[in-house]
Amino acid sequence: MEKMPLILDMDPGVDDAVALAVAVNNPVFDVKLITSVAGNVNVDKTTRNELKLLQFLDKTEIPVARGAAQPLKKKFEDAAYIHGQSGLPGYDFPSVTLKPDPRPAVKAIYQTLKQAPAPMTIVATGAYTNIAELLLRYPEIKAQISRLILMGGSISGGNVSSVAEFNIYTDPDAAKIVYQSGLPIVMIGLDVTLQALVTWETLKKLAALGKTGTMLYQLITAYQDIHPNGKPLHDVNTIFYLLHPEAIETKNYQIDVVTQGPAIGATVADIQNRWSHGQTNAKVGVNIDADYFNQWLLAEVSQMVN
């Protein structure tokens, strides 16, 4: 079976950790590069967390490149109040001996895409600063990107303000560049991730699924994004979509990003076709089979060697 080559651009972060673990272990994927960005915690910590995870998962052949330390324009604000000071609370990882790739993330992404025999999928689960800088610096590389699978945004309300989701709010200027790029985009935002809560029952079962299941259980238990019926693992929904697009209903919308004022970070969909003249720039996830998502997550972790 021909594998799907991927670039993962992340800011681990508990939910990124789950996405990374599934992506690097699933035989459908060939993860060529993982890049870090400032988001849930600062970029030194997100880079270290990617290295920690790859070392733990025994996937040390995958290069990790350090990315943007700051948003393009906006002041950086992390989410340590949700993800803990380290970004990966609750589990005591061994000391990291794995080293990052010496290339900065944008250069590493560019070279990985340029050397690829066919256009590649990029999955971005943090702020989109690296992706925006790539498009600004190397606009010709768009031909080598088949699609962007983006965790972020919402068309029904935010989680850091009444309208803004965290990844978009962290760097709205980067998000605007990405949404204006003309690239095929799938937006996996709060509209689906807040439906696909990992239930308390699933969490209990996760703890019994080997070394990786225990690690993920402890991270998720310490994760402070808590809802009555479970916890949202926003980022792993992107990997679920790649494997099971039929389980997420999408609608085509024109998305604009607000970059200043009280609604900064909002992703505005032209649901009523008032200003987009029928044009669309994203497939937007609007519904998800949450029961299947929970079953799938347990099945993925149960198949991991560690």
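How many bridges pair strand E1 with E4, and in which sense? The points below answer this and then follow the sheet through E5. The model is predicted.

1. **E1 and E4.** Strand E1 (residues 4-10) pairs with E4 in the parallel sense, over four bridges. Leu8 has Val123 of E4 as its bridge partner.

2. **E4 and E5.** Strand E4 (residues 120-124) is also parallel to E5, here with five bridges. Val123 appears again: its bridge partner in E5 is Ile149.

3. **The crossover.** Helix H5 (residues 129-137) joins E4 and E5 in a β-α-β unit, and the unit is right-handed. H5 lies across E1, strand E2 (29-36), E4 and E5. The helix runs at about 150 degrees to E5.

4. **E5 and E6.** Strand E6 (residues 185-188) runs parallel to E5, joined by four bridges. Leu150 is matched with Met187 in E6 as its bridge partner.

5. **Cover on E5.** Strand E5 spans residues 145-151, and five of its seven residues are buried. Helix H11 (residues 236-243) lies across E5 as well, at about 135 degrees to the strand. Other strands that H11 lies across include E1, E9 and E12 (282-288).

6. **The whole sheet.** Eight strands form an open sheet in the order E3-E2-E1-E4-E5-E6-E12-E9. The pairing is mixed. Strands E3 (64-65) and E9 (248-253) each have a single partner strand, so one side of each lacks a neighbour in the sheet.

Notes:
Residues numbered from 1 in each chain as written. Predicted model: local features only at pLDDT ≥ 70, side-chain atom pairs only at ≥ 80, totals over all residues. Heavy atoms only, no water. Buried < 20%, exposed > 50% of the residue type's maximum accessible area, 1.4 Å probe, protein only. Helix = DSSP H or I, 4+ residues; strand = E, 2+ residues; numbered from the N terminus. Pairing = 2+ DSSP bridges. Right-handed = clockwise from strand over helix to strand, strands pointing away. Contact = heavy atoms within 4.5 Å. Axes fitted to C-alpha atoms, helices over the stretch in contact; angles between N-to-C directions.
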